[in-house]
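Biologist: I would like a close look at a single part of this model, and then an account of the chains around it. Please take your time over the answer.

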Amino acid sequence: MDAKELIARRVARELRDSTLVNLGIGLPTLVAHYVPEGMLVAFQSENGIIGFGSRPPDGMEDPNLTDAGGGFISALPGAYAFDSATSFALIRGGHLDMTVLGGLQVDARGHLANWLVPGKMVAGMGGAMDLVAGARRVVIAMQHAAKGTAKIVPELTLPPTAARPVSLVVTDLAVIEPTPEGLVLRERAPGVSVEQILALTTAPLILPDTVPEMTL
Amino acid sequence: MRKAISAEQAAAMVPDGASVMVGGFMGVGSPHRVLAALVARGARGLTVIGNDTSRAGHGIGVLIDAGCVARCIVSHIGLNPVTQQKLIAGEMEVELVPQGTLAERIRAGGAGLGGVLTPTGIGTVVQDGKQVVTIDGRDFLLEKPLRADVALLHCYEADYYANLTYRLTAQNFNPLMAMAADLVIAEPDEVVPIGVIPPDHVRTPGVLVTHLVKRPH
């Protein structure tokens with residue numbers, strides 16, 4: 001199993017029945033492939049639909065039906081399409097149970113940076129600031145480190161996405177929960193030791209007596 | 001009964017230096033024929049308000065490629081390297097606005113509101129220079145309304161009164177922008193007789209639409 005699949009499978013275990021969930025562009029979209037059997041989760045795409053499905057067969061694409069990255073999708077029975085103000089009213093108004101977003105950095109207080117690398121990458125925040133400010137639970141799905149450089153750091157060096165801390169961070173090495181006391185190491189990936197995680201994390205981690213392996 | 005205009009006539013109504021709202025999300029729900037006509041007429045100095053600058057050669061991206069845009073107010077430019085290059089080279093200004101805030105600022109502009117209060121952006125660079133208003137102990141940013149000289153929309157159906165419908169994710173910012181500009185030009189995929197669109201299905205009433213662009217043959 002590659003790192004992305006592992007992260008997506010672990011995040012999928014955070015899904016709950018009969019909830020509304022928004023998946024960010026990139027790695028987070030993979031989570032939709034691992035919804036536990038029998039569970040009904042409504043996925044929102046911020047560009048204006050609840051209840052989208054996978055890309056239709058070749059030649060069946062609808063130019064008026066895409067995900068937030070512009071990729072073709074389908075609509076499931078019972079889907080609902082809406083404008084951008086409604087989309088963000090759902091996000092900001094407490095109607096969104098969970099969002100899964102990518103991250104560039106998370107700091108010791110659980111603050112996220114994911115939209116700008118000064119001088120290098122100007123992506124723009126898109127919907128990320130609204131999602132972190134408004135979703136009930138914010139789960140970050142990201143690689144633990146970028147080519148050996150820690151992404152879970154004492155203080156953000158990149159511009160923050162929101163003042164509010166995220167709820168959970170799932171990486172290819174660990175599950176980390178920001179709490180008022182600091183970042184708690186909740187789980188480790190199969191075959192990964194606590195020492196390996198600490199070596200690639202510059203933020204202080206609180207270590208409970210036991211740090212079990214992830215269940216996927 | 002309305003008289004439809006050509007995409008070229010529509011482009012001629014957008015003066016150089018105008019502020020222009022353009023519907024669409026990554027080009028989905030953008031008025032592609034009018035955008036092409038704006039490029040062909042060599043528009044310059046536009047301020048473009050839209051969700052994103054799409055990708056190079058597509059949607060709002062065609063205006064960026066052709067140098068029509070002096071400034072854009074958008075939530076995302078990450079999928080268009082040309083916008084990023086022009087921003088870094090100082091050839092274009094970019095104001096980045098959180099997507100939900102952009103939608104609400106446009107809605108406020110069309111709804112006669114003095115602005116909106118949103119928690120989005122508190123504690124980030126988006127807060128810089130803005131008033132923070134505390135309501136019942138919670139902080140909000142005061143975000144001002146946005147209006148434009150022209151709104152360029154895409155719709156699915158238009159009837160002869162220019163009542164509009166949208167389809168699926170091509171709706172996005174279009175119905176909001178239809179309320180927030182002095183001149184509203186809509187480019188339909190289909191034109192249908194009056195009465196074909198049931199009243200409950202009309203998303204933008206024809207009274208808001210200044211001009212309808214002819215459908216392609």
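Biologist: Is B:Asp136 buried or exposed, and how many other C-beta atoms lie within 10 Å?

Modeller: The model is a predicted one, and the answer should be read with that in mind. B:Asp136 is exposed, because 4 other C-beta atoms lie within 10 Å, and a residue counts as exposed at 12 or fewer. In chain B, the loop that holds B:Asp136 runs between β6 (132-135) and β7 (138-143). The backbone at B:Asp136 has a positive phi of about 50°, although the residue is not a glycine.

A useful companion to this residue is B:Met26, where phi is near 55°, again a positive value in a residue other than glycine. B:Met26 also sits in a loop of chain B, in this case the one between β1 (19-22) and α2 (32-40). Its surroundings, however, fall in the other class: B:Met26 is buried, because 27 other C-beta atoms lie within 10 Å and the cut-off for a buried residue is 20 or more. Taken together, the two loop residues both carry a positive phi, while B:Met26 is buried and B:Asp136 is exposed.

Turning from these two positions to the chain that holds them, chain B contains six helices and eleven strands, and its C-alpha trace spans about 55 × 45 × 25 Å along the principal axes. The radius of gyration of chain B is 17 Å, which agrees with the value near 17 Å that a compact globule of 217 residues would have. Buried residues account for 53% of the 217 residues in chain B, and B:Met26 is one of the buried residues. Among the contacts in chain B between residues at least 6 apart in sequence, 72% join residues at least 24 apart.

Chain A can be described in a parallel way, with four helices and 17 strands. Its C-alpha atoms fill a box of roughly 50 × 40 × 30 Å, taken along the principal axes. For the 216 residues of chain A, a compact globule would have a radius of gyration near 17 Å, and the chain has 17 Å, so the two agree. In chain A, 44% of the 216 residues count as buried, and of its contacts with a separation of 6 or more, 64% are between residues 24 or more positions apart.

Note on methods
Residues are numbered from 1 along each chain as its sequence is written. Chains are lettered from A and ligands numbered from 1 in the order in which they are written. This is a predicted model: local features need pLDDT of at least 70, side-chain atom pairs count only at pLDDT 80 or more; totals for chains, interfaces and linings use all residues. The radius of gyration is taken over C-alpha atoms; the globule rule is 2.2 Å times the number of residues to the power 0.38. Two residues are in contact if their C-beta atoms, placed from the backbone, lie within 7 Å.
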